[in-house]
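Here is a short report for a reader meeting this structure for the first time. Keep the sequence and the 3D view side by side while reading.

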Amino acid sequence: MATDTLSPTLHFLTDAAHLLAQTAPETSAHLMSQRGALMFHNDLTLSDVQRQHVCGSCGHIMVPGNADLLKLESNKAQR
């Protein structure tokens, strides 16, 4: 995909996914996963904020306080 058409496509996918996040969360997650795949295919990196805002695996938009759980795990081995 040409660079001049990539940015509007990414913005459309992001906006559409955010609009559908409450009413159709599965569709929203699919759009965000497609956006992630498109970015990966074009060697674009996500910012830290975007990486924390959207699940990299399924594309679910995470909204704190809206049935989402933040779990921090350490990499240390348990004794």
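The largest nonpolar core holds 11 residues in all: Leu6, Leu10, Leu13, Ala16, Ala17, Leu31, Met32, Leu38, Met39, Val54 and Ile61. Helix H1 (3–20) and H2 are the elements that give two or more residues to this core. H1 gives the most, with five residues. This is a predicted model.

**The chain as a whole**

The secondary structure comes to three helices and zero strands. Read along the sequence, the pattern is α-α-α. The chain has 79 residues, and 22% of them count as buried. About 6500 Å² is exposed, and carbon and sulfur atoms supply 58% of that area. Now take the contacts between residues at least 6 apart in sequence: 44% of them join residues at least 24 apart.

**Helix H2**

How far apart are the end C-alpha atoms of helix H2? Helix H2 covers residues 25–41, which makes 17 residues. At 1.5 Å a residue, they should span 24 Å. The end C-alpha atoms are 24 Å apart, so the expected span and the model agree.

The buried residues of H2 are Ser28, Ala29, Leu31, Met32, Arg35, Leu38 and Met39. A general point helps in reading such a list. An α-helix has 3.6 residues a turn, so residues three or four places apart point the same way.

Met39 is also part of the core. Leaving out residues up to four places away in sequence, Met39 touches Leu10, Leu44, Thr45 and Leu46. Leu10, too, is a core residue.

**The largest pocket**

The largest pocket has a volume of about 290 Å³. It is lined by 16 residues, and the closest to its centre are Met32, Arg35, Gly36, Leu46 and Val54. Met32 and Val54 also belong to the largest nonpolar core. H1, H2 and helix H3 (48–53) each supply at least two residues of the lining. The largest share, six residues, comes from H2.

**Three residues to look at**

Gly36, Asp43 and Thr9 can be set side by side.

| Residue | Location | Relative accessible area |
|---|---|---|
| Gly36 | helix H2 | 31%, partly exposed |
| Asp43 | loop between H2 and H3 | 71%, exposed |
| Thr9 | helix H1 | 26%, partly exposed |

Why does Asp43 count as exposed? Exposed means over 50% relative accessible area, and Asp43 has 71% relative accessibility, so Asp43 counts as exposed. Gly36, at 31%, falls between the cut-offs of 20% and 50%, so Gly36 is partly exposed. The same range takes in Thr9 at 26%, and therefore Thr9 counts as partly exposed.

Asp43 also has a backbone feature to check. Asp43 follows H2, and its phi is positive, near 55 degrees. That is a positive value in a residue other than glycine. Most residues other than glycine have a negative phi.

Gly36 and Thr9 each have a partner far along the chain. Gly36 and Leu13 are 23 residues apart in sequence, and their C-alpha atoms are 9.8 Å apart in space. Thr9 and Leu38 are 29 residues apart along the chain, with C-alpha atoms separated by 9.4 Å. Both partners, Leu13 and Leu38, are among the residues of the largest nonpolar core.

Technical notes. Residues numbered from 1 in each chain as written. Predicted model: local features only at pLDDT ≥ 70, side-chain atom pairs only at ≥ 80, totals over all residues. Heavy atoms only, no water. Helix = DSSP H or I, 4+ residues; strand = E, 2+ residues; numbered from the N terminus. Expected span 1.5 Å × (residues − 1). Buried < 20%, exposed > 50% of the residue type's maximum accessible area, 1.4 Å probe, protein only. Core = buried A, V, L, I, M, F, W, Y, C linked by side-chain atoms within 4.5 Å. Contact = heavy atoms within 4.5 Å. Areas by Shrake-Rupley, 256 points an atom, 1.4 Å probe, with all protein chains shown as cover. 1 Å grid on protein atoms, 1.4 Å probe; cavity = no way out; pocket = protein on both sides within 12 Å on 5 of 7 lines; lining within 4 Å. Points joined across faces, edges and corners; volume = space filled by probe spheres on them.
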